[in-house]
Amino acid sequence: MDARFDWIAKRLKQFDGEGATRRLAPRQSQPGRMVIQSEGINMVNFGSNDYLGLAAEQSTQRPEHGSMGSGASALVTGFSPVALQLQQRLAQWEATESCVLFPSGFAANLGTISALAEAGDLILSDAANHASIIDGCRLSKAQRFVYPHNDTSAVAALLETHRRRFARVFIVTDSVFSMDGDFAPLEALCDLADRYDSILIADEAHGTGVFGDSGSGLCEHLGVKHRVPIRIGTLSKAIGAMGGFVVGPQVVTDYLVNRARSMIYSTALPPALVSAALANVIQIQEEPQRRAQLFELSQRLRDRVASKWRLPPMSTPGQIVPFVVGGNEEAVRASQRLADAGLFVPAIRPPTVPAGTARLRVSLSSSHSDEEIDRLAEALCGLR
């Protein structure tokens, strides 16, 4: 086991000694009845919050998909056998020991960071990180520094100055940043984490399903999958369902099951959504042509607007293409002009992005056609 997680193993052993350890146990609900099956034994279910029986009725009406309600938190009666299958599939895809599901990607970041980072610890967080990472850092009792976006020299300076004062240090970053589509310098951050005995956490929300030979994310694409011990993902973007997940060492996910409040105290993902996510993960792995098409469309758009717009350079053209216009009102007007042309491109303004960098944020899909990309490019060029 990675020595950086010895403290978690000791905590889990302490929980066992106190009889306080929580473990996920898959329980199969029977359609139309408040009965669950656990370890081959049928039991009348008095642990669900399905107070009016609607979730049970749904599972009868659509047994092939499962219920749209899970009835309770995962630790009570909400953890279904298909959720276990999804966790196992995600762990295998991510080449890690284990996985734990969360009700959303936001909840995954919030719960993971606030559970792992404690008083006496230090968090280093990228200035462009998602709000869920920021809020997770704020909820923790650790001291935190926000370093300039993708500035590894600043990270190195902070570690050199402060590392010895803290029991543990966590470096937290998005892998693909949501507003610019640029990549975190994961290789350099891995080197710094190794040098200063720190733990790197990467949020792959915009990387999962898009990058890498198997589509597991930017960590795979950059060849650092084995060097980023804790990776967080979402089921609600490229995977096309709903929910979040964390992959990593078994000891880490066991600890999150016992300490991540946003998972423990949230109703579990419903079986219908989990089934959809599982099917889509399999499809992503079996259909790499979807990713190839997405990259081709991204390059097509970039090529066609290059004479009018200056875009961030990308070694791999990703699905997020930002068109920075500057002022808030200017961005809103530009978005409206595109809408008038039958093109929806949202205007993104502060506080989501820094003041003076309001932008049009284009999100591409492999389902877009060449003709639609060309229409968009022509309209964007017409704004200049």
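N150 is partly exposed in this predicted model, with a relative accessible area of 22%. The threshold for burial is under 20%, so N150 falls in the partly exposed class at 22%. N150 sits in the loop that runs between β6 (143–147) and α7 (152–162). The backbone of N150 has a phi near 60°, which is a positive value in a residue other than glycine.

D197 also has a positive phi, near 50°, and is likewise a residue other than glycine. Its loop lies between α8 (186–195) and β8 (199–203). D197 counts as partly exposed, at 46% relative accessibility. A further backbone feature is the cis peptide bond between P350 and P351, where omega is about 10°. P351 belongs to the loop between β12 (347–348) and β13 (358–363). As background to these three sites, most residues other than glycine have a negative phi, and most peptide bonds are trans.

**Nonpolar cores**

The largest nonpolar core has 56 residues, and the members that touch the most others are L124, I171, L301, V305, F323 and L380. Helix α15 (residues 370–382) makes the greatest contribution to this core, with 6 residues. Apart from this core lies another, of 55 residues, which includes I8, L101, V247 and V252.

I171 can be followed in detail. When residues up to four places away in sequence are not counted, I171 touches L124, Y147, V155, L159, L189, A193, S198, I199, L200 and I201. L124, one of these contacts, is itself among the core members that touch the most others.

**Helix α12**

Helix α12 (residues 271–286) has 16 residues. From its first C-alpha to its last it reaches 23 Å, close to the 22 Å expected at 1.5 Å a residue. The buried residues in α12 are P271, A272, V274, A277, L278, V281 and I284. An α-helix has 3.6 residues a turn, so residues three or four places apart point the same way. The cover over the buried residues of α12 includes α4 (81–93) and α13 (289–305).

**Helices α5 and α10**

The axes of helix α5 (residues 105–116) and helix α10 (residues 250–259) come within 10 Å and cross at roughly 100°. Angles of 65 to 115 degrees count as roughly perpendicular, and α5 and α10 are therefore roughly perpendicular to each other. On the α5 side the contact consists of G111, T112, A115 and L116, which meet Y255, L256 and R259 in α10. By class, the residues of this contact divide into 4 nonpolar, 2 polar and 1 charged.

G105 is also in helix α5. G105 is buried, with a relative accessible area of 16%. Leaving aside neighbours within four places in sequence, G105 is in contact with G233, T234, G243 and G244.

F106 is placed in helix α5 as well. F106 counts as partly exposed, at 36% relative accessibility. With neighbours within four places in sequence left aside, the contacts of F106 are H130, A131, S132 and D135.

**Loops beside α13 and α4**

P317 is in the loop between α13 and β11 (320–326). At 12% relative accessibility, P317 counts as buried. Not counting residues up to four places away in sequence, P317 touches F295, S298, Q299 and R302.

A95 occupies the loop between α4 and β4 (98–102). At 60% relative accessibility, A95 counts as exposed.

**Separations in sequence and in space**

The table sets C-alpha separations beside sequence separations for G105, F106, P317 and A95.

| Pair | Apart in sequence | C-alpha to C-alpha |
|---|---|---|
| G105 and I232 | 127 residues | 7.7 Å |
| F106 and T234 | 128 residues | 8.4 Å |
| P317 and R300 | 17 residues | 9.6 Å |
| A95 and L301 | 206 residues | 33 Å |

L301, the partner of A95 in the table, is one of the members of the largest nonpolar core that touch the most others. T234, paired there with F106, is also in contact with G105.

Methods
Residues numbered from 1 in each chain as written. Predicted model: local features only at pLDDT ≥ 70, side-chain atom pairs only at ≥ 80, totals over all residues. Heavy atoms only, no water. Core = buried A, V, L, I, M, F, W, Y, C linked by side-chain atoms within 4.5 Å. Buried < 20%, exposed > 50% of the residue type's maximum accessible area, 1.4 Å probe, protein only. Helix = DSSP H or I, 4+ residues; strand = E, 2+ residues; numbered from the N terminus. Contact = heavy atoms within 4.5 Å. Expected span 1.5 Å × (residues − 1). Axes fitted to C-alpha atoms, helices over the stretch in contact; angles between N-to-C directions. Parallel < 35°, antiparallel > 145°, perpendicular 65-115°, else oblique. Nonpolar A, V, L, I, M, F, W, Y, C, P; charged D, E, K, R; others polar.
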